Amino acid sequence: MIKKHQPLRRFPDYKSSIVRSPENEPLLINFSNSEITGPLFNKNILNENDNNLILNFSKNGEKALGQEIFVHGFVTDENGNPLKDVLIEVWQANAGGKYRHQNDPSNIKLDENFGGCGRFITSSDGYYIFKTIQPGAYPYPNRGIEWRPKHIHFSLFGSMFLQRLITQMYFEGDPLIKSCPMVNSIPDINARKLLVGKLDLSKTDEEKILGYRFDIILRGKHQTYFENKIEGS
Amino acid sequence: MVKVKNFIDTPSQTAGPFLHIGCTPSITGINIFKDELGSTPFTDISLNEEINIKGKIYDGNNEPIIDAMIETWQCDENGKYFNYQGFSRRVTDFKTGEYQLKTIRPGNQINVDGTIFPSYILFWIVARGMNSPLITRMYFDENEIKSDLMFKNFNIQDRLKTLIPYTEDKKNFVFDIHLQGKKETIFFEF
Ligand SMILES: [Fe+3]
């Protein structure tokens with residue numbers, strides 16, 4: 001049972017997936033109320049700077065260190081319809097590739113003005129934008145020490161649990177993307193490209209910082225289409 | 001069946017070992033948000049309706065996973081889903097791997113076609129090493145699900161008990177999740 005545009009659960013090149021993926025096929029069932037409903041969030045939960053990672057953890061008005069960027073894009077369903085009120089949470093390493101996390105073994109310095117998380121909600125046309133600094137690449141133990149491409153983690157809540165998504169945005173041109181086993185766990189090569197934020201100079205003059213465009217597509221209310229499932233069955 | 005579709009949805013990627021920074025930032029000492037999502041599924045749980053669920057998620061080596069996040073989604077005691085309550089977000093303990101959830105027992109939900117489902121709580125699980133989320137359900141009564149039509153379509157009667165917690169008493173349940181092996185939990189896709 002393979003959905004080629006979604007990653008394989010067990011992908012031995014990504015070593016920890018070997019013991020963290022089920023051996024049995026998942027049960028493909030019809031969704032019920034629990035999947036077509038979900039928590040909804042509104043802008044009341046947001047603080048003013050939640051979408052500005054350069055400032056939202058800063059002390060004495062100092063900015064986080066690194067190449068300042070903004071990331072923006074549209075969240076739509078598979079037919080291109082904009083999805084409004086989608087809560088997006090992001091988290092990332094600092095410019096040196098270090099996370100503000102007690103389990104990060106890296107001895108790179110923390111940036112005292114950088115927390116590394118933000119959140120925001122899409123507008124009525126499905127649009128979001130946030131500012132941050134370019135995260136650094138970082139090494140992790142896999143088949144020996146390997147390097148993660150620069151990335152920002154994204155978590156999204158659509159209007160139903162069926163749409164719940166956690167993913168990562170990579171940066172156009174990063175040579176580490178090609179060898180990343182997490183990216184390569186996606187069988188469909190074209191689908192991998194959906195994870196790459198594109199350099200977007202169109203708005204840079206206005207913002208005075210470098211822009212990336214990252215559009216996100218959430219699934220709709222249909223049963224998962226599997227490659228080996230006969231249509232109509 | 002609906003003929004799918006113009007575009008494909010964005011692929012999932014692992015939440016990684018540092019998901020706490022974005023999802024439960026106070027655990028990592030970051031306190032910039034007004035409040036954290038899903039700290040409790042219902043705001044005022046009375047003592048007499050409260051139930052406690054705890055458990056661990058075991059990997060293929062039978063080790064508890066210490067860096068997982070579980071989101072739960074459920075209806076209220078009358079089987080009704082809301083969009084402002086019923087959601088919780090738990091993480092497994094960095095040392096023991098245990099998660100804990102205080103909630104209420106959901107009622108039987110009535111499906112769109114009028115059929116009645118046994119009561120359950122949806123579990124949505126992400127962690128390092130999981131390229132996409134694992135979805136399961138905790139039911140309360142094994143006999144109820146054994147007679148449920150949905151499960152009768154599958155040849156898995158012997159595995160249905162993996163969806164039932166160990167009941168310590170009326171209020172306390174232990175729901176362990178096993179990713180592999182003889183006790184492998186049933187996971188769902190939709
Ligand atoms: Fe990461």
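This short talk goes through some salt bridges and one sheet of the structure shown above.

Before I begin, please keep in mind that this is a predicted model, in which local features need pLDDT of at least 70 and side-chain atom pairs count only at pLDDT 80 or more, while totals for chains, interfaces and linings use all residues. Residues are numbered from 1 along each chain as its sequence is written, chains are lettered from A and ligands numbered from 1 in the order in which they are written, and side-chain values use heavy atoms, with hydrogens and water left out.

Let me start with the salt bridges, meaning a side-chain nitrogen of Lys or Arg within 4 Å of a carboxyl oxygen of Asp or Glu. Over all chains, the structure holds 17 of them.

One of these is formed by B:Asp67 and A:Arg20, whose closest N and O atoms are 2.9 Å apart. Because B:Asp67 sits in the loop between β1 (50-58) and β2 (68-73) of chain B, and A:Arg20 in the segment before β1 (27-28) of chain A, this pair joins two chains. The strands I name are DSSP runs (E, at least two residues), numbered from the N terminus.

Are these two partners buried or exposed? Buried means under 20% relative accessible area, exposed over 50%, and partly exposed in between, with a 1.4 Å probe and protein chains only. B:Asp67 counts as buried at 5%, and A:Arg20 is buried too, at 6%.

B:Asp67 also meets B:Arg128 in a salt bridge, at 3.1 Å from N to O. That pair links distant parts of the chain, 61 residues apart, with B:Arg128 in the loop between β7 (120-127) and β8 (134-139) of chain B. B:Arg128 is partly exposed, with a relative accessible area of 29%.

Another salt bridge connects B:Glu50 with B:Lys102, at 3.8 Å between the closest N and O atoms. B:Glu50 lies in strand β1 and B:Lys102 in strand β4 (residues 98-104) of chain B, so the pair ties together parts that are 52 residues apart in sequence. Here B:Glu50 is buried, at 14%, whereas B:Lys102 is partly exposed, at 43%.

Now to the sheet. Chain B has an open sheet of four strands, in the order β3-β2-β7-β8, with antiparallel pairing; two strands pair if DSSP finds at least two bridges between them. The edge strands, each pairing on one side only, are β3 (87-91) and β8. Within chain B, β2 and β7 pair in the antiparallel sense over six bridges, and B:Met69 has B:Val126 in β7 as its bridge partner.
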